[in-house]
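Me: Could you zoom in on one part of this fold and really dig into it? I'd also like to know how far to trust the surroundings.

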Amino acid sequence: MIPTRILTVAAVAFALSGCSLLSTPKPVQLYRFGSSAPEAPGVTPQAMTPIPVALRRIDFPEASKGDRLLGVTGTEAAYIKGARWVSPAEVLFNDSLEAAFASNPRVRLIGRREPGIATRVLSVDVTRFEARYDAPGGTPTVVITARARMTILPERNVTSEEVFTVSQPANENRVSAIVSAFDIASRDLNAQIADWTATAAPTAAPAPATTR
């Protein structure tokens with residue numbers, strides 16, 4: 001016979017293991033930024049013909065790729081707990097950039113999967129996409145930095161280049177406030193890139209062929 005004490009201990013251990021198996025982790029809230037495009041101003045086709053510009057795949061810093069929100073304090077970096085992007089940050093950023101161009105009638109952005117011919121190519125390299133803290137537990141500032149380059153084809157000559165930086169303080173050290181700061185900063189930066197592209201793209205036009 002098995003002693004009663006051993007049976008009791010075994011029953012308690014099994015119950016505890018069952019609780020562990022049935023327990024669920026705390027849910028992670030999903031967020032997004034730059035999802036909706038502002039309404040484009042009314043411009044008739046006769047008034048303006050948009051310049052076709054091809055968009056290359058956007059480069060993102062390795063630490064900011066994926067669905068986690070990066071926080072930086074001095075030389076230390078960590079991901080913000082309890083929050084994820086609904087899609088990888090580089091995908092949401094690309095959608096936000098395309099939305100910025102949708103409201104700019106001077107440029108027609110040709111996506112990577114869209115058929116079309118363009119002699120102007122826009123390259124965007126995001127070098128910083130993070131929430132920066134001056135001190136642990138303080139209120140962070142979202143910092144986004146990107147380098148944009150305009151290239152002419154088929155020569156592949158870079159005709160214009162510009163670095164854009166936007167710093168957007170969060171209202172408080174809460175995830176929802178930090179996400180709001182990411183949203184505002186990304187919209188602002190991408191609107192600047194769209195405006196810059198509209199100015200830089202004409203300078204990348206190939207020289208007209210000469211006749212003899």
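**From a hairpin to the ring cluster**

Reply: Let's ease in at the hairpin end: I152 stands opposite N157 in β8. That pairing belongs to an antiparallel match between strand β7 (residues 141-152) and strand β8 (residues 157-169), joined by 12 bridges. The two strands make a hairpin with 4 residues between them, and R156 in that turn has a positive phi of about 65°.

Before the close-up, a word on the model. This is a predicted structure, with a mean pLDDT of 81 over the chain and 74% of residues at 70 or more. Among the elements, β3 has the highest mean pLDDT, 96, while helix α1 (residues 4-22) has the lowest, 43. Residues 42-46 fall below 50, and beyond near neighbours in sequence that stretch has 2 contacts in the model. Residues 206-212 also stay under 50, with 2 contacts beyond four places in sequence.

As for the layout, the chain has 3 helices and 8 strands, running α-β-β-β-β-α-β-β-β-β-α from the N terminus on. Of its 212 residues, 35% count as buried. Counting contacts with a separation of 6 or more, 71% are between residues 24 or more positions apart.

Now the part I'd pick for the close look, the aromatic rings. Taking ring centres within 6.5 Å as the cut-off for a pair, the count comes to 8 aromatic pairs. One of them is F60 with F129, at 5.2 Å centre to centre and 55° between the planes. Since 55° is neither under 30 nor over 60, that pair counts as tilted. F60 lies in the loop between β2 (51-55) and β3 (68-73), and F129 is in strand β6 (residues 120-133), so this pair ties together parts 69 residues apart in sequence.

How covered are these two rings? F60 has a relative accessible area of 8%, so it is buried. F129 is at 2% relative accessibility and counts as buried as well.

F129 has a second partner: its ring centre is 4.9 Å from that of F182, with the planes at 40°, so this pair is tilted too. F182 sits in helix α3 (residues 175-203), 53 residues from F129 in β6, and the pair links distant parts of the chain. At 1% relative accessibility, F182 is buried. Put together with their neighbours, F33, F60, W85, F93, F129 and F182 form one aromatic cluster.

Another ring takes a charge instead: the charged end of R68 sits over the ring of Y79, 3.8 Å from its centre.

What about the strand that comes before the F60 loop? β2 has a covered face made of I51, V53 and L55, and an uncovered one with P52 and A54. That fits the usual strand pattern, in which side chains alternate between the two faces of the sheet. β2 runs parallel to β5, with 4 bridges joining them, and I51 stands opposite V107 there. β2 also pairs with β6, again in the parallel sense, over 2 bridges; in β6, L122 is the bridge partner of L55. F129 sits in that strand too.

One more spot worth a look is N104, in the loop between α2 (89-102) and β5 (107-110). Is N104 buried or exposed? It has a relative accessible area of 7%, so N104 is buried. So what does that polar side chain meet? The N104 side chain makes a polar contact with the side chain of D195 at 3.2 Å, and it also reaches the backbone nitrogen of R106 at 3.1 Å. Leaving out residues up to four places away in sequence, N104 touches A194, D195 and A198.

To pull the close-up together: F129 in β6 pairs with F60 from the loop and with F182 from α3, and these three rings belong to one cluster along with F33, W85 and F93.

Methods: Residues are numbered from 1 along each chain as its sequence is written. This is a predicted model: local features need pLDDT of at least 70, side-chain atom pairs count only at pLDDT 80 or more; totals for chains, interfaces and linings use all residues. Side-chain values use heavy atoms; hydrogens and water are left out. Rings of Phe, Tyr and Trp (its six-membered ring) pair if their centres lie within 6.5 Å; planes under 30 degrees apart count as stacked, over 60 as edge-to-face and the rest as tilted. Buried means under 20% relative accessible area, exposed over 50%, partly exposed in between (1.4 Å probe, protein chains only). A charge sits over a ring if NZ of Lys or CZ of Arg is within 6 Å of the ring centre and within 35 degrees of the ring normal. Two strands pair if DSSP finds at least two bridges between them. pLDDT is the predictor's confidence in each residue, from 0 to 100. Contact means heavy atoms within 4.5 Å. A polar contact is a pair of N or O atoms within 3.5 Å; within protein, one must be able to donate a hydrogen and the other to accept it, and residues adjacent in sequence count only if both atoms are side-chain atoms.
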